[in-house]
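Student: Could you take me closely through the salt bridges of this model, with the residues that form them and their surroundings?

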Amino acid sequence: MVERIKRVREEILGVLAVMGSLYLLMTLFTHSVRDPVLFFRTTEPLEPLRNLGGVTGACLSGWMIIFFGVAAYTVPLFLIAFGVKRLLGKEGHRIYLLGGALFLISSASLAALIGNTFHVNFEHYPDGIGGLTGRGIAYIAHQLLSVPGAYLFTLALFLSSLVLISPVS
């Protein structure tokens, strides 16, 4: 009986993770720079929301894009993988969580380095394609290691995250 309750709880968690990630993907794909983001952006006079996730979706997608830039699109993918693992009853390891967090941070940093090196700017990402997190880490790495060293450091983090995420190891 206890095993059955535990399995049902895992399945519910899996369904919530998959559906939540689909909601996050929807909010990220319909993100608009003109939508208000709590603590960051407001529009005066108020304009109608363009985000299909409503006010909550506009804030979530805004925060994710402000902090992680293009790397924010990986968060729903990791949530889908988590949910599918729960639905299939596979054991989750904390190393995947560490690998996912390292992947998010390293890909944001790598995107910021590429954006700074090649002057890549998009109107959709006013805080840079790596977001504030990537821009901050890229700036520190650039100051301490120079441009080639910053790329090597960031690529080492990125490849390490791929090793941690992959089920091969």
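Tutor: What follows is a walk through the salt bridges, with a short look at the nonpolar groups afterwards.

This is a predicted model, in which local features need pLDDT of at least 70 and side-chain atom pairs count only at pLDDT 80 or more, while totals for chains, interfaces and linings use all residues. Residues are numbered from 1 along each chain as its sequence is written, and side-chain values use heavy atoms, with hydrogens and water left out.

A search of the whole structure finds three salt bridges, the term meaning a side-chain nitrogen of Lys or Arg within 4 Å of a carboxyl oxygen of Asp or Glu. Side chains of opposite charge can pair when their charged atoms come close.

One of the three joins Glu10 to Arg86, with 3.0 Å from N to O. This pair links distant parts of the chain, since Glu10 lies in helix α1 and Arg86 in helix α3 (residues 74-88), 76 residues apart; helices here are DSSP runs (H or I, at least four residues), numbered from the N terminus. Glu10 counts as buried at 17% relative accessibility, and Arg86 is buried as well, at 15%, where buried means under 20% relative accessible area, exposed over 50%, and partly exposed in between (1.4 Å probe, protein chains only).

Glu10 also meets Arg9 in a salt bridge, at 3.6 Å from N to O, and Arg9 is exposed, with a relative accessible area of 54%. Arg9, Glu10 and Arg86 are thus linked in a network of salt bridges.

Arg7 forms a salt bridge with Glu11, the closest N and O atoms being 3.4 Å apart. Because they are four residues apart in helix α1, Arg7 and Glu11 are separated by about one helical turn. Arg7 is partly exposed at 27% relative accessibility, and Glu11 is partly exposed at 31%.

Turning to nonpolar side chains, helix α1 (2-29) and helix α2 (54-68) each give two or more residues to the largest nonpolar core. That core has nine residues, including Leu24, Leu28, Met64 and Ile65; a nonpolar core is a set of buried Ala, Val, Leu, Ile, Met, Phe, Trp, Tyr and Cys residues joined through side-chain atoms within 4.5 Å. Leaving aside residues up to four places away in sequence, Met64 touches Leu24, Leu28, Gly69, Ala72, Val75 and Pro76, contact meaning heavy atoms within 4.5 Å.
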